[in-house]
Amino acid sequence: MMSKIVSSLPSENIVNGNIKTVVKVTPPGPRKKLQLAVIEPGLGSGVSSPDDILDNYLKTLTQRVKYHLGFPENICYDHHVALAPLLQFHLNNCGDPFTENPVDFHSKDFEVAVLDWFAKLWEIEKDEYWGYVTHGGTEGNLHGIWIGRELLPNGILYTSKDSHYSVFKAARLYRIDLEMINTTTNGEMDYSDLRAKLLHNKDKPAIININIGTTFKGAVDDIDVILQTLEDCGYSHNKFYIHCDAALSGLIVPFIKNVISFKKPIGSVTISGHKFLGCPIPCGVQITRKSHIAYLSRNVEYIASVDATISGSRNGLTPILLWYSLSSKNQIGIQQDVKRCLYNARYLKDCLQQANISVMLNELSTIVVLERPLDHEFTRHWQLSCVRDIAHVIVMPSITRETLDDFFIDLVQKRKMWYQDGSVKPPCVADDIGAQNCACALHNGQYIFL
C-alpha cells in the first residue's frame with residue numbers, strides 16, 4: 001500500500017510506502033546567543049569565573065520570564081528551595097517503576113504515587129494500569145505508538161496533519177505505514193477524511209493518534225466520534241488501538257469536560273509534566289493498560305528488573321518534582337489554574353478582536369491564535385511561535401493579566417507603525433483560522449488602530 005505521509009511542519013520528510021523521498025529543508029540560521037560570555041571549559045584564563053557567568057545567566061533568565069508567551073511551559077514554581085538538597089544525590093529510576101531497584105538511590109515510591117494520581121484522573125483502576133514518568137511528551141508518544149505497533153504489527157497509523165511532530169517521528173522510527181488525516185480550520189481532525197481512509201484500508205488494523213489539544217491551535221479531537229467512526233467502518237476492538245496525545249491539555253480538559261477516560265476503549269494517554277503543571281526539568285507521564293505491557297516487557301538481569309520503558313535509565317528527580325507540585329496544588333488548585341487561564345485566554349482574544357486583529361480561540365483551549373506579527377524582532381522579544389501567517393500565545397498559569405495587557409498594547413502600537421501608510425496590509429489568515437476569524441481587508445474591510 002502506498003501510504004501518504006506528509007507533514008504539518010516543513011521540517012518533516014515525506015515517505016511513500018517503502019520508498020523514501022527526502023524533502024530538503026533549509027536549516028535555520030545560527031542560534032541567537034543570550035549575550036553570555038560562555039567559553040569552553042578549561043579556557044578560563046583572563047575571563048569571567050564560572051560563578052560570574054552563571055550569575056549573569058540567572059539574571060538574564062529572570063529578566064526574560066515575563067516575555068515567554070509562545071511556548072507551553074508553566075514557569076511558575078516556587079518549590080525549588082525545598083527540593084534543592086536532592087541535587088546532591090544521583091537518583092535513577094531505572095527499569096519498571098513497580099519493581100524493586102538493586103540500589104536505594106531512586107524515587108520509585110514518588111513515581112508510583114504520581115502515576116496513581118493520573119490513573120484516578122483518567123478513570124482506570126490501580127490494578128489495571130501501567131505507566132512511568134517519561135522525559136517528556138515525545139517519549140510518551142513514542143511509547144504509546146510502540147504499544148500499538150506491537151499489538152497490531154501490520155497496523156496503519158492514522159493521525160491528523162496538526163499532530164505533534166513526534167508522531168511522524170514515531171512512524172519513521174517504527175517503519176509504520178501512516179495515513180495523515182486532514183483537519184478543519186480549528187485544527188480538529190476531519191472525521192469524514194478519517195472515515196474514507198479507514199474504509200480504504202479496511203483490510204489492515206488501525207493505530208490512531210488522538211490529539212487532546214493540538215500543538216498550535218489547541219484543538220481536541222472527539223474520541224466518541226472517532227470510536228463511532230471505527231464501529232461504522234467495521235473495526236472491532238481487537239482491530240484498533242488508540243493513543244491519546246494530551247501533552248498540554250491533559251491537565252486542562254478533565255476539569256472542563258470528561259473527555260479522557262479509560263472506561264472507553266483507549267490504549268494509552270500521555271501528558272507533559274513541565275507544561276501546564278510546571279516543572280523545571282522536561283518530563284511527562286505515560287499511562288497504558290497493564291494487559292498491554294507483557295508485549296513490551298523484557299527481563300534485564302543487569303538491573304535486576306523488567307523493563308518496558310523506552311529510556312531505561314530515567315531521571316529520579318522529576319517524579320519528586322511532579323509529586324510535590326501535585327501535592328501542593330491538589331485538584332482544587334489545578335482547577336483554579338485552569339479557570340484562570342481559560343478566562344485570561346478569552347480576555348486576550350476579546351481584546352485582539354475588538355482591535356480588529358485576526359484571532360481564534362478553541363473552546364477547550366488556552367492557546368490564542370492570531371495573525372503573525374510583521375516584525376521578527378517583535379516575535380523574538382515576546383518569544384512567540386509562528387507557522388505560516390499565524391502565531392500563538394499560550395496562556396499558562398505563570399502568565400499574568402498584566403503581561404497580556406503589555407503584549408496587547410505593544411502589538412497594537414507596533415501594528416500602527418507596520419500598517420499605517422497602507423503600503424503593507426495585515427495577512428489574510430482565513431485558510432488558517434477560518435474566514436469568520438480573519439480581519440483582513442477582504443474579510444473585514446477595515447482597520448482599527450488604538
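In this predicted model, the side chain of Thr-288 reaches the backbone oxygen of Gly-267, at 2.7 Å. Thr-288 belongs to strand S10, which spans residues 284-289. With a relative accessibility of 0%, Thr-288 counts as buried, because the cut-off for that label is under 20%. Gly-267 also turns up among the contacts of Thr-288 once neighbours within four places in sequence are set aside, and the rest of that list is Ile-124, Glu-128, Tyr-129, Trp-130, Ile-147, Tyr-241, Phe-262, Ser-268 and Ile-293.

Ile-124, one of those contacts, also sits across from a lysine in the loop between S8 and strand S9 (268-272), namely Lys-263. The C-alpha atoms of Lys-263 and Ile-124 are 7.1 Å apart, although 139 residues separate the two along the chain. Lys-263 itself comes out as exposed, because its relative accessibility is 69%.

A second lysine, Lys-275, carries an annotation. The unreviewed UniProt entry gives "modified residue: N6-(pyridoxal phosphate)lysine" for this position. Lys-275 is placed in helix H8, residues 274-278, and counts as buried at 13% relative accessibility. Beyond its neighbours within four places in sequence, Lys-275 is in contact with Pro-72, Glu-73, Asn-74, Ala-247, Leu-248 and Met-396.

On to the nonpolar interior. In soluble globular proteins, nonpolar side chains tend to be buried together. Here the largest nonpolar core holds 98 residues, and the ones with the most contacts inside it are Phe-118, Ile-212, Leu-230, Leu-251 and Phe-407. Helix H10 (residues 317-354) supplies the largest share of this core, 13 residues. Another core lies apart from it, with 21 residues that include Ile-145, Trp-146, Leu-152 and Leu-296. Leu-251, one of the residues with the most contacts in the largest core, gives a feel for the packing: leaving out residues up to four places away in sequence, Leu-251 touches Trp-117, Phe-118, Leu-121, Ile-271, Phe-276, Leu-277, Ile-334 and Val-338.

As for cysteines, the structure holds 0 disulfides. Cys-244 is buried at 0% relative accessibility, and Cys-351 is buried too, with a relative accessible area of 14%.

Two helices, H6 and H7, show how burial is arranged around an axis. In H7 (residues 223-232), the buried residues are Ile-223, Ile-226, Leu-227, Thr-229 and Leu-230. These residues sit on the same side of H7, because they cover an arc of only 160 degrees around the axis. Their packing partners are helix H6 (191-200), strand S7 (206-211) and strand S8 (240-245). Leu-230 also appears among the residues with the most contacts inside the largest core. Both ends of H7 have something to add. At its start, a side-chain oxygen of Asp-222 comes to within 3.0 Å of the backbone nitrogen of Asp-224. After H7 comes Gly-234, with a positive phi near 90 degrees.

H6 follows a similar script. Tyr-191, Asp-193, Leu-194, Lys-197 and Leu-198 are its buried residues. Viewed down the axis of H6, they fall within an arc of 155 degrees, so they line one face of the helix. Ser-192 and His-200, on the other side of H6, are exposed. The cover over the buried residues of H6 includes strand S5 (156-160), strand S6 (178-181), S7 and H7. H7 is thus part of that cover, while the buried residues of H7 in turn pack against H6.

That leaves a couple of backbone oddities. Most residues other than glycine have a negative phi. Glu-123 is not a glycine, yet its phi is positive at about 60 degrees. This residue lies in the loop between helix H3 (108-121) and strand S4 (129-134), and Glu-123 counts as partly exposed at 29% relative accessibility. Arg-175 is likewise not a glycine and has a positive phi of about 55 degrees. Its place is in the loop between helix H5 (165-174) and S6, and at 61% relative accessibility Arg-175 counts as exposed.

Notes
Residues are numbered from 1 along each chain as its sequence is written. This is a predicted model: local features need pLDDT of at least 70, side-chain atom pairs count only at pLDDT 80 or more; totals for chains, interfaces and linings use all residues. Side-chain values use heavy atoms; hydrogens and water are left out. Helices (H or I, at least four residues) and strands (E, at least two) are DSSP runs, numbered from the N terminus. Buried means under 20% relative accessible area, exposed over 50%, partly exposed in between (1.4 Å probe, protein chains only). A polar contact is a pair of N or O atoms within 3.5 Å; within protein, one must be able to donate a hydrogen and the other to accept it, and residues adjacent in sequence count only if both atoms are side-chain atoms. Contact means heavy atoms within 4.5 Å. A disulfide is a pair of cysteine sulfur atoms within 2.5 Å. A nonpolar core is a set of buried Ala, Val, Leu, Ile, Met, Phe, Trp, Tyr and Cys residues joined through side-chain atoms within 4.5 Å. The arc is that of the directions from the helix axis to the C-beta atoms. UniProt positions are given in the numbering used here, feature names are shortened, and annotations may be inferred rather than shown by experiment.
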